[in-house]
Protein chains: 4
Amino acid sequence: MTNKEPKLTKKQIAILEAATDLFAEKGYAGTSTSEIANKAEVAEGTIFKHFKSKKGLLLAIVSPMMVKLVAPMIKNDLNKVLDQEYEYIQDFIRAMIENRKEYIQNNLPMLKILVQEIPFHPELKEQFIEYIGKDIFDRLKEIIKYYQDKGQLVDMKAEVIMRTVATSILSYIVARYVFLPEANWDEEEVETERIIQILESGVIQKK
Amino acid sequence: MTNKEPKLTKKQIAILEAATDLFAEKGYAGTSTSEIANKAEVAEGTIFKHFKSKKGLLLAIVSPMMVKLVAPMIKNDLNKVLDQEYEYIQDFIRAMIENRKEYIQNNLPMLKILVQEIPFHPELKEQFIEYIGKDIFDRLKEIIKYYQDKGQLVDMKAEVIMRTVATSILSYIVARYVFLPEANWDEEEVETERIIQILESGVIQKK
Amino acid sequence: MTNKEPKLTKKQIAILEAATDLFAEKGYAGTSTSEIANKAEVAEGTIFKHFKSKKGLLLAIVSPMMVKLVAPMIKNDLNKVLDQEYEYIQDFIRAMIENRKEYIQNNLPMLKILVQEIPFHPELKEQFIEYIGKDIFDRLKEIIKYYQDKGQLVDMKAEVIMRTVATSILSYIVARYVFLPEANWDEEEVETERIIQILESGVIQKK
Amino acid sequence: MTNKEPKLTKKQIAILEAATDLFAEKGYAGTSTSEIANKAEVAEGTIFKHFKSKKGLLLAIVSPMMVKLVAPMIKNDLNKVLDQEYEYIQDFIRAMIENRKEYIQNNLPMLKILVQEIPFHPELKEQFIEYIGKDIFDRLKEIIKYYQDKGQLVDMKAEVIMRTVATSILSYIVARYVFLPEANWDEEEVETERIIQILESGVIQKK
DNA sequence: GATGAATGAGCTTTCATTCAT
DNA sequence: TATGAATGAAAGCTCATTCAT
């Protein structure tokens with residue numbers, strides 16, 4: 001069994017970490033390669049030796065994340081649904097959140113970069129669409145259809161449901177880590193259940 | 001009746017429009033003042049005569065938007081609620097959306113800039129907090145409490161409800177205009193009702 | 001009897017005063033015309049209406065000073081010496097200092113500008129040489145010769161004597177006003193006599 | 001034996017020399033960094049890599065000079081006086097002039113810059129005061145007192161004597177190199193003795 | 001005469017990238 | 001592989017000067 005990830009030297013890791021922090025903090029365009037070299041304690045030239053260009057560095061940060069977040073969907077999630085491992089959509093959503101929670105929490109700066117830079121970099125958008133669009137989108141549609149057929153999801157367009165679920169999750173992360181990192185927050189443990197509860201019944205009591 | 005807005009010359013408007021488009025398209029840090037001058041068909045010096053610095057230009061674009069979106073909340077919305085103009089929270093939300101819809105649709109690039117640049121500019125964040133934080137936050141809490149007492153809102157923390165409602169609206173706008181402007185979209189007219197419906201009952205059918 | 005000085009409007013005076021202060025404080029090249037306009041409370045255009053260019057403004061400040069300091073030498077000083085009004089060179093020097101003292105003290109910034117800017121502006125140097133060189137230099141030589149013949153001045157080259165006397169005076173002014181304006185200084189009244197005394201006997205007691 | 005001076009690369013030296021010439025000729029504010037880069041035959045960026053800013057370049061030129069001129073005073077001059085190496089003040093002055101003559105003649109542009117720019121740069125003034133003020137001033141006072149007690153100096157305030165001696169020397173240099181570099185000058189060798197002679201007996205024969 | 005908006009050349013400085021060591 | 005000196009294009013910004021009002 002071979003290791004698919006290319007071996008990264010200490011310097012490469014230092015560069016990636018420094019760049020991740022700085023891109024997240026000041027944005028890609030607002031960060032200079034000399035700052036990165038400084039923070040990573042390497043020479044400026046070293047960055048270009050390893051990543052060819054500044055944009056190459058950005059892609060080296062962001063691409064693996066897309067893979068990590070999206071790949072298990074193809075490999076596992078759909079199959080588990082079809083195997084009836086998740087009888088209720090709640091279980092499916094809960095599993096999706098829980099499976100990614102740790103990785104996301106450990107890699108929030110990367111996610112921040114991804115979200116912030118996608119609008120400005122066609123390459124990123126293409127990658128994103130390639131990863132999400134090609135397979136995932138269709139698979140998620142299947143899953144949604146599956147639960148709609150079981151009567152567990154309202155009869156709305158798959159896109160709307162997907163967006164609602166996605167932003168329910170993302171809005172928490174964005175609010176939590178991007179906009180108001182210093183605000184006072186509840187215990188994070190109950191957050192998953194709250195998201196599910198809101199997806200179940202909204203926030204408005206029916207008239 | 002005097003005009004409270006400072007009179008803007010043709011060149012100033014041209015600069016603001018060019019900058020708005022470019023900042024929205026390429027980001028603040030990714031746009032150069034010479035590009036702006038070029039697009040606005042003015043000399044580069046003119047930009048600095050009027051707006052002092054590149055950041056001054058950003059603030060001149062974004063600040064008025066915050067005022068426009070937030071001011072009516074203080075002046076009108078709360079009072080109308082207290083005057084029982086909106087018996088149901090649905091009516092209140094619908095009114096808030098409808099009142100801002102046109103302005104937002106006409107000023108989407110500004111909103112895009114605001115959302116994208118807030119994380120990178122402490123001044124912007126401060127302004128945002130100043131406008132939102134001081135008054136609005138408390139007023140919205142009152143409104144939420146009002147409808148909770150009437151049994152129309154679930155008994156969650158006001159912050160959670162606020163965030164859910166806000167992102168339900170924003171997520172539509174962001175998805176619609178920022179991330180996937182070229183995607184195929186439904187008639188926008190039904191969107192308001194869909195948002196309200198989701199806030200009412202979520203997307204999951206109760207078990 | 002006509003007034004030879006061109007009538008200056010209020011604005012012109014304001015500009016000259018502002019420019020004098022700023023040139024003295026920050027140097028000619030270090031001062032911008034907009035700063036001058038600001039301080040003088042006139043529009044930038046007004047400066048150029050009256051003085052044609054920034055350099056024209058400099059000349060308008062400095063030229064009259066040269067005339068004021070140098071003209072009386074030609075008109076009065078030499079004649080008075082020839083008329084034997086000053087029997088002793090001490091009296092001549094004392095008179096020269098006293099005659100110019102007030103004007104210099106009232107116009108120190110101008111003098112500072114003159115001294116500081118002469119090396120950088122050929123026009124200034126030319127003017128200076130024209131005023132000093134053509135007539136004054138020869139006349140001062142005559143005066144020096146006159147007192148040397150009377151045995152009141154050492155038998156050194158006129159240039160050396162001139163320089164010694166000039167710098168004895170100037171060094172006091174420069175030290176006093178340019179380099180150490182905030183230092184603690186004696187009563188200025190005795191300064192003239194001290195300069196004369198040093199010119200008489202140096203500071204070293206003969207072996 | 002180690003070299004205490006930081007090693008300067010060829011380019012750094014080229015930049016310093018070009019800047020020294022240009023600052024001396026046209027003043028600090030009147031010289032552009034692109035002119036300097038041009039004359040030094042380096043890229044403009046190189047200047048800023050090495051000296052951080054234009055002002056940094058000025059300080060890199062001027063600071064070492066202050067040290068070079070002033071340091072030997074603390075280390076040598078006072079001790080030599082106390083060791084009675086100079087019986088007469090004339091010997092002391094002569095030694096001071098001779099010790100610095102070569103360095104000054106080789107670095108006249110630097111001196112010109114120092115004298116011209118001190119009034120406009122607080123940092124320079126502070127450095128100057130720090131170097132001169134702290135130790136030198138007191139030591140010179142001691143020396144003056146020493147020779148006054150021996151009856152070799154007139155009984156004037158130390159400041160006046162210091163200023164007289166200093167300007168006697170400086171006035172020669174300034175007149176010689178700054179104001180009238182193209183004038184015809186005597187052999188420089190006798191100049192030292194002339195300065196001493198003037199300090200001994202002034203230029204005026206006692207009545 | 002007086003204004004100040006407008007200019008565009010030129011300023012200091014930063015930047016991503018290269019390359020000899 | 002790693003360096004960091006060097007680059008020069010381009011950045012943000014300032015400037016003296018002009019001109020329509």
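# Briefing: DNA strand E and the contact of chains A and B

In this predicted model, DNA strand E is surrounded by 31 residues, and the closest are Thr33(A), His50(B), Thr46(C), His50(C) and Thr33(D). Of the atoms of DNA strand E that come within 4 Å of the protein, 62% belong to sugar and phosphate. Chain A and chain B bury about 4400 Å² between them.

**Surface near DNA strand E**

- The residues of this surface divide by class into 17 polar, eight charged and six nonpolar.
- Helix H3 (44–51) supplies at least two residues of the surface in chain A, in chain B and in chain C.
- In chain D, helix H2 (33–40) and helix H3 (44–51) each supply at least two residues.

**Atom pairs at the phosphates of DNA strand E**

- Thr33(A) places a polar backbone atom 2.6 Å from a phosphate oxygen of DNA strand E.
- Thr46(C) has a polar side-chain atom that lies 2.6 Å from a phosphate oxygen of the strand.
- For Lys54(D), an N or O atom in the side chain is 2.7 Å from a phosphate oxygen of DNA strand E.

**Extent of the contact between chain A and chain B**

- Chain A brings 50 residues to the contact, and chain B brings 49 residues.
- Of the area of about 4400 Å² buried between the two chains, 65% is on carbon and sulfur atoms.
- Arg163(A), Val203(A) and Ile204(A) supply 16% of the area that chain A buries against chain B, which is more than any other three residues.

**Polar and charged pairs between chain A and chain B**

- Two salt bridges are counted between chain A and chain B.
- In a salt bridge between the chains, the side chain of Arg163(B) meets that of Glu191(A), at 3.8 Å from N to O.
- The count of residue pairs in polar contact between the two chains, with both residues at pLDDT 80 or more, is zero.

**Side of chain A that touches chain B**

- Helix H1 (10–26), helix H5 (89–106), helix H6 (108–117), helix H8 (158–179) and helix H9 (191–201) of chain A each supply at least two residues of this side.
- H8(A) gives the most, with ten residues.
- By class, this side of chain A has 25 nonpolar residues, 13 polar residues and twelve charged residues.

How values were computed. Residues are numbered from 1 along each chain as its sequence is written. Chains are lettered from A and ligands numbered from 1 in the order in which they are written. This is a predicted model: local features need pLDDT of at least 70, side-chain atom pairs count only at pLDDT 80 or more; totals for chains, interfaces and linings use all residues. Side-chain values use heavy atoms; hydrogens and water are left out. Contact means heavy atoms within 4.5 Å. Buried area is the accessible area (1.4 Å probe) that two parts lose on being put together, summed over both. A salt bridge is a side-chain nitrogen of Lys or Arg within 4 Å of a carboxyl oxygen of Asp or Glu. A polar contact is a pair of N or O atoms within 3.5 Å; within protein, one must be able to donate a hydrogen and the other to accept it, and residues adjacent in sequence count only if both atoms are side-chain atoms. Helices (H or I, at least four residues) and strands (E, at least two) are DSSP runs, numbered from the N terminus. Ala, Val, Leu, Ile, Met, Phe, Trp, Tyr, Cys and Pro count as nonpolar, Asp, Glu, Lys and Arg as charged, and the others, Gly among them, as polar. A residue is near a molecule or strand if one of its heavy atoms lies within 4 Å of it.
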